[in-house]
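Take a walk through this protein with the model open beside you. We begin at a pocket, move out to the overall fold, and finish at a few single residues.

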Amino acid sequence: MDSERFTIRGATGVDLDLPIAGPGSRSYAFLIDWHIRVIVALAWLLAAMLLVNGGLTWRPGSGRSGLASAFLVALPPLAIYFLYHPVVEIFMRGQTPGKRRAGVRIVNRDGGIPSFGSIMIRNVLDRKSTRLNSSHLVI
């Protein structure tokens, strides 16, 4: 089976022919990245619970200190989970560890490294479309 390709016409007459990643390599990259996100977020959650609560029980205190400890324990794992892709893709120039392992990378229309803005737009739209498309799985 012939894989899909994206050809970029060069100004000098030399064309750049890039393969388009298939569902298998994309799924493989997603699974690796998902495991990294979950492991890092859980490690933070467990370490923060041990430091703040003295154990693996959730006992938020009352008042201002209780709210601060709840944010210290719960907010960073959520940030790690939801900001993993945009932050890592920006610093690794269009790849994540999962994408690198699967041989996949994000490129712009010219075949180069995408800009900060395009990575952020891509991730915002990707999260929104994933949430909308996966809603039918619950029903």
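A pocket here is an open set of grid points, each able to hold a 1.4 Å probe, with protein on both sides within 12 Å along at least five of seven lines. The model is predicted. Its largest pocket has a volume of about 1,200 Å³. A total of 36 residues line this pocket, and those closest to its centre are Arg26, Glu89, Lys99, Ile106 and Arg122.

Where does the lining of the largest pocket come from? Four elements each give at least two residues: β2 (16–19), α1 (23–53), α2 (63–91) and α4 (116–138). Helix α1 supplies the largest share, with nine residues. By chemistry, the lining splits into 18 nonpolar, seven polar and eleven charged residues.

Now step back to the fold. The protein has four helices and two strands. Along the sequence they run β-β-α-α-α-α. The protein has 139 residues, and 21% of them are buried. Its accessible surface comes to about 10,000 Å². Carbon and sulfur atoms own 67% of that surface. Consider next the contacts with a sequence separation of 6 or more: 49% of them link residues 24 or more positions apart.

Return to the pocket and pick out Glu89. This residue is among those closest to the pocket centre, and it sits in helix α2. Is Glu89 buried or exposed? Its relative accessibility is 0%, so it counts as buried; the cut-off is under 20%. The side chain of Glu89 makes a polar contact of 2.8 Å with the side chain of Lys99. Lys99 is also on the list of residues closest to the pocket centre. Setting aside residues up to four places away in sequence, Glu89 touches Gly94, Gln95, Thr96, Lys99, Ile106, Ile119, Arg122 and Asn123.

One of those partners, Thr96, deserves its own stop. Thr96 is in the loop between α2 and α3 (97–102). Thr96 has 0% relative accessibility, so this loop residue counts as buried. Which side chain makes a polar contact with the side chain of Thr96? The partner is Asp33, at 2.4 Å. A polar atom of the Thr96 side chain also lies 3.1 Å from the backbone nitrogen of Lys99. Lys99 thus appears twice: its side chain pairs with that of Glu89, and its backbone nitrogen lies 3.1 Å from the Thr96 side chain. Beyond its neighbours within four places in sequence, Thr96 is in contact with Asp33, Tyr84, His85, Val88 and Glu89.

Arg93 belongs to the loop between α2 and α3 as well. What is its relative accessible area? The value is 52%; exposed means over 50%, so Arg93 is exposed. Its backbone is worth a look too. Arg93 has a positive phi of about 60°, although it is not a glycine.

Finish at Ser69, in helix α2. Its relative accessible area is 13%, so Ser69 is buried. How far apart are Ser69 and Met49 in space, C-alpha to C-alpha? They are 8.9 Å apart, with their positions 20 residues apart in sequence numbering.

Note on methods: Residues are numbered from 1 along each chain as its sequence is written. This is a predicted model: local features need pLDDT of at least 70, side-chain atom pairs count only at pLDDT 80 or more; totals for chains, interfaces and linings use all residues. Side-chain values use heavy atoms; hydrogens and water are left out. On a 1 Å grid over the protein atoms alone, a cavity is a set of points where a 1.4 Å probe fits but cannot get out, and a pocket is an open set with protein on both sides within 12 Å along at least five of seven lines; lining residues have an atom within 4 Å of a point. Grid points are joined across faces, edges and corners, and a volume is the space filled by probe spheres set on the points. Ala, Val, Leu, Ile, Met, Phe, Trp, Tyr, Cys and Pro count as nonpolar, Asp, Glu, Lys and Arg as charged, and the others, Gly among them, as polar. Buried means under 20% relative accessible area, exposed over 50%, partly exposed in between (1.4 Å probe, protein chains only). Contact means heavy atoms within 4.5 Å. Accessible areas come from the Shrake-Rupley method with a 1.4 Å probe; for residues, only the protein chains shown count as cover. A polar contact is a pair of N or O atoms within 3.5 Å; within protein, one must be able to donate a hydrogen and the other to accept it, and residues adjacent in sequence count only if both atoms are side-chain atoms.
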